[in-house]
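Okay, thanks for making the time, everyone. I'll put the structure up and walk you through a few things I'd like you to look at.

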Amino acid sequence: MDRWSGKTAVVTGASSGIGRAIALALAEEGLTVVAVARRDQRLKELASRVEGKGRIHGYTGDITDDDQLKSLFEWVEKNLGPVHVLVNNAGTTIPTRVSEGDMSNWRRMYSLNVFAVGGCIREALASMRRHGVDDGHIVNINSISGHPAAHVPGSWVYASTKHAITVLTEGLMRELVEDKSSIKVTVRLIMCNYFFYLSQMT
Ligand SMILES: NC(=O)c1ccc[n+]([C@@H]2O[C@H](COP(=O)([O-])OP(=O)(O)OC[C@H]3O[C@@H](n4cnc5c(N)ncnc54)[C@H](OP(=O)(O)O)[C@@H]3O)[C@@H](O)[C@H]2O)c1
């Protein structure tokens with residue numbers, strides 16, 4: 001991890017859960033982490049937790065709003081310089097039945113789990129390319145639901161957003177190879193808490 005010391009990482013969805021743990025771990029390893037979420041107070045508390053070599057800047061914003069997403073990356077560029085690492089972690093699960101077609105639930109999940117991921121990739125790659133960051137790294141947090149392995153009632157729409165991430169990550173990797181870029185892409189597969197889903201559906 002030494003090569004990342006002092007480099008800047010953007011971690012979305014860092015006010016709780018997996019994103020919070022990733023932000024803290026990267027800061028402990030010496031990275032300057034921009035922890036993104038909507039709940040300001042949680043980000044302030046998180047920033048105060050760092051004991052290692054790095055630091056955490058909380059950035060409050062809603063990344064489903066493309067203007068706010070662009071402002072986030074402009075802020076990073078202006079205050080910290082280029083993005084070296086992007087962790088696309090923010091994601092949401094809303095139990096909903098496909099057959100009911102509740103588009104407000106579909107939109108909420110697709111806006112965050114897919115469109116915001118695409119926007120963050122666009123802005124992070126542009127930053128890396130502008131500054132000649134050849135060893136940049138993009139990490140997309142996925143789920144077992146993003147693969148045709150296991151599904152539970154009410155999770156099909158969520159699963160479809162994660163299937164999209166599986167395909168889009170593969171596509172991004174191939175495009176970077178076509179471009180002869182050495183920027184790396186990783187997809188992390190997280191096991192779901194099925195009991196959570198089932199408890200929401202009963
Ligand atoms: N936990 C699991 O069992 C599991 C399993 C498989 C995959 N995953 C995946 O792992 C990732 C993290 O899951 P988690 O369980 O740790 O999630 P979580 O605890 O619910 O955290 C979600 C994070 O996203 C942020 N967020 C939500 N909407 C946002 C928005 N519009 N703009 C900016 N930030 C927003 C939330 O912060 P604010 O509310 O403060 O904005 C929060 O920090 C997700 O992609 C999820 O699909 C999780």
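Let's start with one residue: leucine 189 has a relative accessible area of 39%, so it counts as partly exposed. Keep in mind that this is a predicted model. You'll find leucine 189 in strand S6, which covers residues 184-190. Leaving out residues up to four places away in sequence, leucine 189 touches Asn142, Ser143, Ile144 and His147. If you want a long span, take leucine 189 and glutamate 51: they're 138 residues apart in sequence, and their C-alpha atoms are 28 Å apart in space.

Now let's zoom out. How do the elements of the protein chain run from the N terminus on? The order is β-α-β-α-β-α-β-α-β-α-β-α, and the count is 6 helices and 6 strands.

What about overall dimensions? The radius of gyration of the protein chain is 17 Å, and a compact globule of 202 residues would come out near 17 Å, so the two agree. Along the principal axes, the C-alpha atoms fill a box of roughly 45 × 40 × 30 Å. Of the contacts with a separation of 6 or more, 66% are between residues 24 or more positions apart.

On to the surface. The protein chain has an accessible surface of about 10400 Å², and carbon and sulfur atoms hold 53% of that. There are 23 positive and 21 negative charges, and their mean positions sit 3 Å apart. As for the inside, 44% of the 202 residues are buried.

That takes us to the cores. As a reminder, nonpolar side chains in soluble globular proteins tend to be buried together. Here the largest nonpolar core has 27 residues, and the ones touching the most other members are Val10, Ile63, Leu72, Phe73, Leu86, Leu125 and Met128. Which elements give two or more residues to this core? They are strand S2 (32-37), helix H3 (66-80), helix H4 (103-130) and helix H5 (156-178). H4 gives the most, with 8 residues. Have a look at leucine 125 while you're there: setting aside residues up to four places away in sequence, its contacts are Ile138, Leu172, Leu176 and Ile183. There's also a second, separate core of 20 residues, including Val11, Val33, Val85 and Val139.

Next, two loop residues. Is valine 133 buried or exposed? Its relative accessibility is 7%, so valine 133 counts as buried, and its place is in the loop between H4 and strand S5 (137-143). Not counting residues up to four places away in sequence, valine 133 touches Pro82, Val83, His84, Met128 and Ile183. One of those partners, Pro82, is 51 residues from valine 133 in sequence, with 7.7 Å between the C-alpha atoms. And Met128 you've already met, among the core residues that touch the most other members.

The other one is lysine 180, in the loop between H5 and S6. At 74% relative accessibility, lysine 180 counts as exposed, since the cut-off is over 50%. What's the backbone doing there? Lysine 180 isn't a glycine, yet its phi is positive, at about 55°. For context, most residues other than glycine have a negative phi.

That's my tour, so over to you for questions.

Notes: Residues numbered from 1 in each chain as written. Predicted model: local features only at pLDDT ≥ 70, side-chain atom pairs only at ≥ 80, totals over all residues. Heavy atoms only, no water. Core = buried A, V, L, I, M, F, W, Y, C linked by side-chain atoms within 4.5 Å. Buried < 20%, exposed > 50% of the residue type's maximum accessible area, 1.4 Å probe, protein only. Helix = DSSP H or I, 4+ residues; strand = E, 2+ residues; numbered from the N terminus. Contact = heavy atoms within 4.5 Å. Rg over C-alpha atoms; globule rule 2.2 N^0.38 Å. Areas by Shrake-Rupley, 256 points an atom, 1.4 Å probe, with all protein chains shown as cover. Lys, Arg positive; Asp, Glu negative; His and termini not counted. Charge placed at Lys NZ, Arg CZ, Asp CG, Glu CD.
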